[in-house]
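The exercises below are meant to be worked with the sequence and the structure side by side. Try each task before reading the solution that follows.

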Amino acid sequence: MEPNSSLQVATALLGLGAAGGLVMAGIRLKGADRPPSWLAMLHGVLAAAALTLLAYAAFTVGIPTLAQYALAVLIVAALGGAAINLMYHSKMLPLPIPMVIGHA
């Protein structure tokens with residue numbers, strides 16, 4: 001797969017994942033303790049697929065420098081999302097709004 005195709009597919013997946021993230025943030029900011037689990041899992045799966053594709057492209061065919069920086073930022077965001085899920089969502093605790101905003 002050529003780098004441009006990988007980047008386009010990763011961008012589309014990230015866009016869908018980000019849309020789900022915005023919906024979840026809106027749900028939390030409107031006062032719900034946490035979004036529905038199916039939405040959180042869909043968000044995570046889409047973002048993880050995009051992150052995996054981007055990392056694969058970076059290590060095999062090479063991607064532009066700016067995309068490499070984006071990959072680093074996305075890895076940090078993924079770690080934050082995993083922390084939110086494991087420490088709060090899976091334990092049915094209210095998601096801390098500062099962490100939700102930081103993850104975004």
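**Exercise 1. Classify Met 92 by its accessibility, then say where Met 92 is found and what its backbone shows.**

Solution. In this predicted model, Met 92 has a relative accessibility of 52%. The cut-off for exposed is over 50%, and therefore Met 92 counts as exposed. As to its place, Met 92 is found in the loop between helix 3 and helix 4. For the backbone, the phi of Met 92 is positive, at about 60 degrees, although this residue is not a glycine. Most residues other than glycine have a negative phi.

**Exercise 2. Describe the chain as a whole: how many helices and strands are there, and in which order do the elements run?**

Solution. Begin with the count, which gives four helices and zero strands. Read from the N terminus on, the order of the elements is α-α-α-α. Next take the extent of the chain, whose C-alpha atoms fill a box of roughly 45 × 20 × 20 Å along the principal axes. Finally, consider burial: of the 104 residues in the chain, 26% are buried, where buried stands for a relative accessible area under 20%.

**Exercise 3. Work out how helix 2 and helix 3 are oriented: roughly parallel or roughly antiparallel?**

Solution. Identify the two elements first, with helix 2 covering residues 37-60 and helix 3 covering residues 65-87. These helices pack at an angle of about 150 degrees, and their axes are 10 Å apart. Because angles over 145 degrees count as roughly antiparallel, helix 2 is roughly antiparallel to helix 3. The last step is the hand of the crossing of helix 2 and helix 3, which is left-handed.

**Exercise 4. Determine which residues form a nonpolar patch on the surface, and place Ile 97 within the chain.**

Solution. The patch is formed by Leu 29, Ile 97 and Ile 101, which together have about 280 Å² of accessible area. Of these residues, Ile 97 lies in helix 4, which spans residues 97-103. The relative accessibility of Ile 97 is 31%, so Ile 97 counts as partly exposed, and this value also lies over the 30% that a patch residue needs.

**Exercise 5. Locate Ser 5, classify its exposure, and find how far its C-alpha atom is from that of Phe 59.**

Solution. Ser 5 belongs to helix 1, made up of residues 3-29. With a relative accessible area of 26%, Ser 5 is partly exposed, a class that runs between the 20% and 50% limits. Along the chain, Ser 5 and Phe 59 are 54 residues apart, while their C-alpha atoms are separated by 15 Å.

Technical notes:
Residues numbered from 1 in each chain as written. Predicted model: local features only at pLDDT ≥ 70, side-chain atom pairs only at ≥ 80, totals over all residues. Heavy atoms only, no water. Patch = residues over 30% accessible without salt bridge, like charges linked within 9 Å, V, L, I, M, F, W, Y side chains within 5 Å. Areas by Shrake-Rupley, 256 points an atom, 1.4 Å probe, with all protein chains shown as cover. Salt bridge = Lys/Arg side-chain N within 4 Å of Asp/Glu carboxyl O. Buried < 20%, exposed > 50% of the residue type's maximum accessible area, 1.4 Å probe, protein only. Axes fitted to C-alpha atoms, helices over the stretch in contact; angles between N-to-C directions. Parallel < 35°, antiparallel > 145°, perpendicular 65-115°, else oblique. Left-handed = near helix turned anticlockwise from the far one by under 90°.
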